[in-house]
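Here is a friendly walk through a small report on one protein model. Take a look at the picture first, and then we'll go through it piece by piece.

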Amino acid sequence: MFDTSHPWFAPLYRRVLIVAVCFLWLIVESIADQPFWQIISFAVLAYAIWAFLYKYEPPSDGSNHQD
């Protein structure tokens with residue numbers, strides 16, 4: 001979908017924050033009892049966990065910019 005090895009994603013706290021926001025979105029949709037959006041938010045959460053925590057590789061050029 002997009003470049004998950006971008007230097008902006010290098011700090012762990014940013015990747016964990018993205019996953020946490022996706023999880024909060026899932027909680028909100030669950031409380032609101034919206035099954036369509038629950039499925040969408042669960043899919044986004046699953047992708048975020050896979051891309052940012054499981055399969056993440058740091059940038060290949062070795063740069064770790066703190067923008």
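How many helices and strands are there in the protein? The count is 2 helices and 0 strands. Keep in mind as you read that this is a predicted model.

**The overall picture**

The protein has 67 residues, and 28% of them count as buried. Its exposed surface comes to about 4,900 Å², with carbon and sulfur atoms supplying 69% of that area. Now for the contacts between residues with a separation of 6 or more: 62% of these link residues that sit 24 or more positions apart.

**The core**

Which residues make up the largest nonpolar core? It has 9 of them: F9, A10, V19, C22, L26, L45, A48, F52 and Y56. Two elements give two or more residues to this core, namely α1, which covers 12-31, and α2, which covers 35-54. As a bit of background, nonpolar side chains tend to be buried together in soluble globular proteins.

Let's zoom in on two members of that core. F52 belongs to helix α2. Is F52 buried or exposed? With a relative accessible area of 3%, F52 falls under the 20% cut-off and therefore counts as buried. If you skip its neighbours within four places in sequence, F52 is in contact with F2, T4, F9, R15 and I18. F9 from that list is also a member of the core.

The other one to look at is L45. Not counting residues up to four places away in sequence, L45 touches V19, C22, F23 and L26. One of these partners, F23, lies in helix α1. F23 has 43% relative accessibility, which lies between the 20% and 50% cut-offs, so F23 counts as partly exposed.

**Far in sequence, and how far in space?**

Here are a few residue pairs, with their separation along the chain and their C-alpha to C-alpha distance.

| Pair | Apart in sequence | C-alpha to C-alpha distance |
|---|---|---|
| F23 and L45 | 22 residues | 6.2 Å |
| F52 and A10 | 42 residues | 9.6 Å |
| E29 and I39 | 10 residues | 9.2 Å |
| I40 and L26 | 14 residues | 8.6 Å |

I40 in the last row is found in helix α2. Its relative accessible area is 30%, so I40 counts as partly exposed. L26, its partner in the table, is one of the core residues.

**A nonpolar patch on the surface**

Which residues form a nonpolar patch on the surface? They are L12, V16, I49 and L53, and together they have about 330 Å² of accessible area. Both helices take part here, since α1 and α2 each supply at least two residues of the patch. Take L53 as an example: its place is in helix α2. L53 has a relative accessible area of 41%, and so it counts as partly exposed.

**A buried charge**

Next up is E29, found in helix α1. At 13% relative accessibility, E29 is under the 20% cut-off, so it counts as buried. What is the nearest side chain of opposite charge to E29, and how far away is it? That side chain is R14, which is 25 Å away, and E29 has no salt bridge. As for what does touch E29, setting aside its neighbours within four places in sequence, the contacts are Q34, W37, Q38 and S41.

**The loop between the helices**

Last stop: D33, which is found in the loop between α1 and α2. D33 is not a glycine, and yet it has a positive phi of about 55°. Is D33 buried or exposed? Its relative accessibility is 57%, over the 50% cut-off, so D33 counts as exposed. That sets D33 in the loop apart as an exposed residue, whereas E29 in α1 is buried.

Terms used. Residues are numbered from 1 along each chain as its sequence is written. This is a predicted model: local features need pLDDT of at least 70, side-chain atom pairs count only at pLDDT 80 or more; totals for chains, interfaces and linings use all residues. Side-chain values use heavy atoms; hydrogens and water are left out. A nonpolar core is a set of buried Ala, Val, Leu, Ile, Met, Phe, Trp, Tyr and Cys residues joined through side-chain atoms within 4.5 Å. Buried means under 20% relative accessible area, exposed over 50%, partly exposed in between (1.4 Å probe, protein chains only). Helices (H or I, at least four residues) and strands (E, at least two) are DSSP runs, numbered from the N terminus. Contact means heavy atoms within 4.5 Å. Patches are made of residues with over 30% relative accessible area and no salt bridge: like charges are joined within 9 Å, nonpolar side chains (Val, Leu, Ile, Met, Phe, Trp, Tyr) within 5 Å. Accessible areas come from the Shrake-Rupley method with a 1.4 Å probe; for residues, only the protein chains shown count as cover. A salt bridge is a side-chain nitrogen of Lys or Arg within 4 Å of a carboxyl oxygen of Asp or Glu. Lys and Arg count as positive and Asp and Glu as negative; His and the chain ends are not counted.
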